[in-house]
Amino acid sequence: MISFTVMAITFGVVFLAELPDKTALAGLMLGTRYRASYVFAGVAAAFAVHVALAIAAGSVLTLLPHRLVQAVVAALFLAGALVLLFKKDDGEEENVKAPADQSFWKVSGAGFMLILVAEFGDLTQIMTANLAARYDSSVSVGIGAVLALWTVAAIGIVGGRTLMKYVPLRLITKVAAGLMLVLAGFSAYEAVVG
């Protein structure tokens, strides 16, 4: 069964956590050099693979006792919030190797490989697994996470520079960390109360 509430929560958390990520900048760089639709196709496919892996990991967690799962999820959300709050902005950009030609397969393949490698084990993938374990609604979490990641990719590819002029990256990061702290608190409460 699909829960629109779980989809919305997942979308918000993953969107805010992914927006300041370097992969959005990598998508922006590819989007300025190549046809945006080709870049998006590759990036979107890579994000779908990552979400599927995260949902599988989160589903395995639901087999454990509920209190233990909630305690682990709370700890991971807390760790994620701390990573966002204390992350240093080193200003480095992703190095993107340009495909030799502009064909669909070359450009989308470059986008796919870049995201597949850069996002493996990333904070948003771990958060997606946590959300899948927390809500025990894999389809809802999966849809919310994929839509959030695709939205960030589209923003990065089409208009990332413009958005960052109006919304400070620091504010986005702090809001994402705040949401993760709230989710950590709810999970910790459920771990204690049961």
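## Order of elements

From the N terminus on, the elements of the chain run α-α-α-α-α-α-α-α. That comes to eight helices and zero strands. The model is a predicted one.

The chain has 194 residues, and buried residues make up 43% of them. Contacts in the chain reach far along the sequence. Of those with a separation of 6 or more, 93% join residues 24 or more positions apart.

## The nonpolar core

The largest nonpolar core has 39 residues. Val14, Val39, Phe77 and Met127 have the most contacts inside it. Seven named helices each supply at least two residues of this core: H1 (4-18), H3 (36-61), H4 (66-86), H5 (104-119), H6 (123-135), H7 (138-166) and H8 (169-193). H7 gives the most, with eight residues. In soluble globular proteins, nonpolar side chains tend to be buried together.

Which residues does Val14 touch, not counting those up to four places away in sequence? They are Thr124, Met127, Thr128, Leu131, Ala145, Ala148 and Leu149. Met127 is, like Val14, among the residues with the most contacts inside the core.

## H1 against H6

Two packed helices are described by the angle between their axes and the distance between the axes. H1 and H6 pack at an angle of about 160 degrees, with their axes 10 Å apart. An angle over 145 degrees counts as roughly antiparallel, so H1 is roughly antiparallel to H6. The crossing of H1 past H6 is right-handed.

On the H1 side, the contact uses Val6, Ile9, Thr10, Val13, Val14, Ala17 and Glu18. On the H6 side, Thr124, Met127, Thr128, Leu131 and Tyr135 take part. By class, this contact has eight nonpolar, three polar and one charged residues. Val14 from H1 and Met127 from H6 both belong to this contact.

## H3 against H6

H6 also meets H3. The axes of H3 and H6 come within 7 Å and cross at roughly 40 degrees. How are the two helices set to each other? H3 and H6 are oblique, because their angle lies outside the roughly parallel, perpendicular and antiparallel ranges. H3 passes H6 in a right-handed crossing.

H3 brings His50, Val51, Leu53, Ala54, Ile55, Ala57, Gly58 and Leu61 to this contact. H6 answers with Gln125, Thr128, Ala129, Ala132 and Ala133. The contact divides into nine nonpolar, four polar and no charged residues. Thr128 of H6 meets H3 here, and Thr128 also takes part in the contact with H1.

## H3 against H5

H3 has a further partner in H5. Their axes come within 7 Å and cross at roughly 35 degrees. This crossing is right-handed as well.

From H3, the contact takes Tyr38, Val39, Ala41, Gly42, Val43, Ala45, Ala46, Phe47, Val49 and His50. From H5, it takes Phe104, Val107, Ser108, Gly111, Phe112, Ile115, Leu116 and Glu119. The classes are 13 nonpolar, four polar and one charged. His50 of H3 meets H5, and His50 is also listed in the contact with H6. Val39, one of the residues with the most contacts inside the core, belongs to the contact with H5.

## Tyr38 and Gln102

Tyr38 is found in H3. Is Tyr38 buried or exposed? Its relative accessibility is 19%. The cut-off for buried is under 20%, so Tyr38 counts as buried.

Leaving out residues up to four places away in sequence, Tyr38 touches Gln102, Ser103, Phe104, Val107 and Ser108. Phe104, Val107 and Ser108 lie on the H5 side of the contact with H3. Tyr38 and Gln102 are 64 residues apart along the chain. Their C-alpha atoms are separated by 8.9 Å.

## The N terminus and H7

Met1 sits in the segment before H1. Met1 is exposed, with a relative accessible area of 96%. Where sequence neighbours within four places are left aside, Met1 is in contact with Ser137 and Ser140. Met1 and Ser138 are 137 residues apart in sequence, and 9.2 Å apart from C-alpha to C-alpha.

Ser140 lies in helix H7. Ser140 is buried, with a relative accessible area of 0%. With the same neighbours left aside, Ser140 is in contact with Met1, Ile2, Ser3, Val6 and Met7. Thus an exposed residue, Met1, touches a buried one, Ser140. Val6 of H1 touches Ser140, and Val6 also meets H6 as part of the H1 contact.

Key. Residues numbered from 1 in each chain as written. Predicted model: local features only at pLDDT ≥ 70, side-chain atom pairs only at ≥ 80, totals over all residues. Heavy atoms only, no water. Core = buried A, V, L, I, M, F, W, Y, C linked by side-chain atoms within 4.5 Å. Buried < 20%, exposed > 50% of the residue type's maximum accessible area, 1.4 Å probe, protein only. Helix = DSSP H or I, 4+ residues; strand = E, 2+ residues; numbered from the N terminus. Contact = heavy atoms within 4.5 Å. Axes fitted to C-alpha atoms, helices over the stretch in contact; angles between N-to-C directions. Parallel < 35°, antiparallel > 145°, perpendicular 65-115°, else oblique. Left-handed = near helix turned anticlockwise from the far one by under 90°. Nonpolar A, V, L, I, M, F, W, Y, C, P; charged D, E, K, R; others polar.
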